[in-house]
Amino acid sequence: MEGLEVARRGVVVPRDADKAVLLVDKPAGWTSFDVIRKLKKLLPGRKLGHTGTLDPMATGLLIVLVGHATRLMEDFLRFDKDYTGTLRLGECTPSYDAETQVTVRKDASHLTLEAIQGVCNTFSGTILQIPPMYSAVKVKGERLYKKARRGETIVRKPHEVHVHAFDIIRRQGPDISFHVRCTKGTYIRSLVHDVGEKLSVGAHLIALRRTAIGPFHVDRAWEMPSLVDALTQAARTTS
């Protein structure tokens, strides 16, 4: 990865950059491609790619590779990822998160933090995980979420992921804050869903933030409004 320019907060990618890494703090409600589409307008002629999708509901670190840095995509995808989030016990949704309506409610008030952490511990290490129906995985050329929106459910192949840590931080009523460190391809929504199933009360994800990808941390990332302003200003000064 020699020669990479890392554009952290306060550092603007030059318009002639041919090998750069841009750290972005993706806002809630944006898809990862929304970020790429916006940056392509501000960095015309530059090839761009990101190193790991975040769901629209999620916020946090999105690494954007600029120019020849896109050839290093596989190297960046190998990095472990860190997340903080909140799950809600006693409620299930079809998407495993707050993007769809609650369909099942159960009382979870009897569960102790020790019991919850104990179940989370069972998902540490190498596990097989089934992608949720509401995901971008393609089956026979169609995204799973499109099938899910039509009310279809199909058998999905499990894939192997590794969870280095799944730790409870605090509890407020049915809402449990947590930290996860894992390998690429891990669905945090599925982890949360599976914890709820094992506790026999159900659970879904209500908040998620990616805090780090390998050595890169969201604390050093650009927020989109500031990045857009900086790139717009840079374009004016060089035109």
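A disulfide is a pair of cysteine sulfur atoms within 2.5 Å. I started my notes with that cut-off because the cysteines came up first, and I applied it to a predicted model.

**Entry: cysteines**

I took cysteine 182 first. Its closest cysteine sulfur is in cysteine 120, 13 Å away. That is too far for a bond, because a disulfide needs the two sulfurs within 2.5 Å. I then looked from the other end. The sulfur of cysteine 120 has cysteine 182 as its closest cysteine partner, again at 13 Å. I searched the whole structure as well and found zero disulfides.

Are these two cysteines buried or exposed? Cysteine 120 is buried, at 0% relative accessibility. Cysteine 182 is buried too, with a relative accessible area of 1%.

**Entry: the loop between H5 and E13**

Next I went to glycine 202. I found it in the loop that runs between helix H5 (188-198) and strand E13 (203-213). Its relative accessible area is 4%, so I noted it as buried, the cut-off being under 20%. Which residue did I check it against across the chain? I checked leucine 89, which is 113 residues away along the chain. The C-alpha atoms of leucine 89 and glycine 202 are separated by 6.0 Å.

Serine 200 sits in the loop between H5 and E13. I read its relative accessible area as 54%, which makes serine 200 exposed. Its backbone caught my eye. Phi of serine 200 is positive, about 65°, although the residue is not a glycine. Most residues other than glycine have a negative phi.

**Entry: another positive phi**

I also looked up tyrosine 96. Its phi is near 70°, a positive value, and tyrosine 96 is not a glycine. Where does tyrosine 96 lie? I placed it in the loop between strand E6 (91-92) and strand E7 (104-105). Tyrosine 96 counts as buried, at 13% relative accessibility. Serine 200, by contrast, I had logged as exposed.

**Entry: positive patch**

Last, I turned to surface charge. Which residues gather in a patch of positive charge? I listed Lys138, Arg143, Lys146 and Arg149. I followed up one of them, arginine 143. I found arginine 143 in strand E10, which covers residues 142-143. Its relative accessible area is 32%. I wrote it down as partly exposed, because 32% falls between the 20% limit for buried and the 50% limit for exposed. Patch members need over 30% relative accessible area, so arginine 143 at 32% passes that cut-off.

Key
Residues numbered from 1 in each chain as written. Predicted model: local features only at pLDDT ≥ 70, side-chain atom pairs only at ≥ 80, totals over all residues. Heavy atoms only, no water. Patch = residues over 30% accessible without salt bridge, like charges linked within 9 Å, V, L, I, M, F, W, Y side chains within 5 Å. Areas by Shrake-Rupley, 256 points an atom, 1.4 Å probe, with all protein chains shown as cover. Salt bridge = Lys/Arg side-chain N within 4 Å of Asp/Glu carboxyl O. Lys, Arg positive; Asp, Glu negative; His and termini not counted. Charge placed at Lys NZ, Arg CZ, Asp CG, Glu CD. Helix = DSSP H or I, 4+ residues; strand = E, 2+ residues; numbered from the N terminus. Buried < 20%, exposed > 50% of the residue type's maximum accessible area, 1.4 Å probe, protein only.
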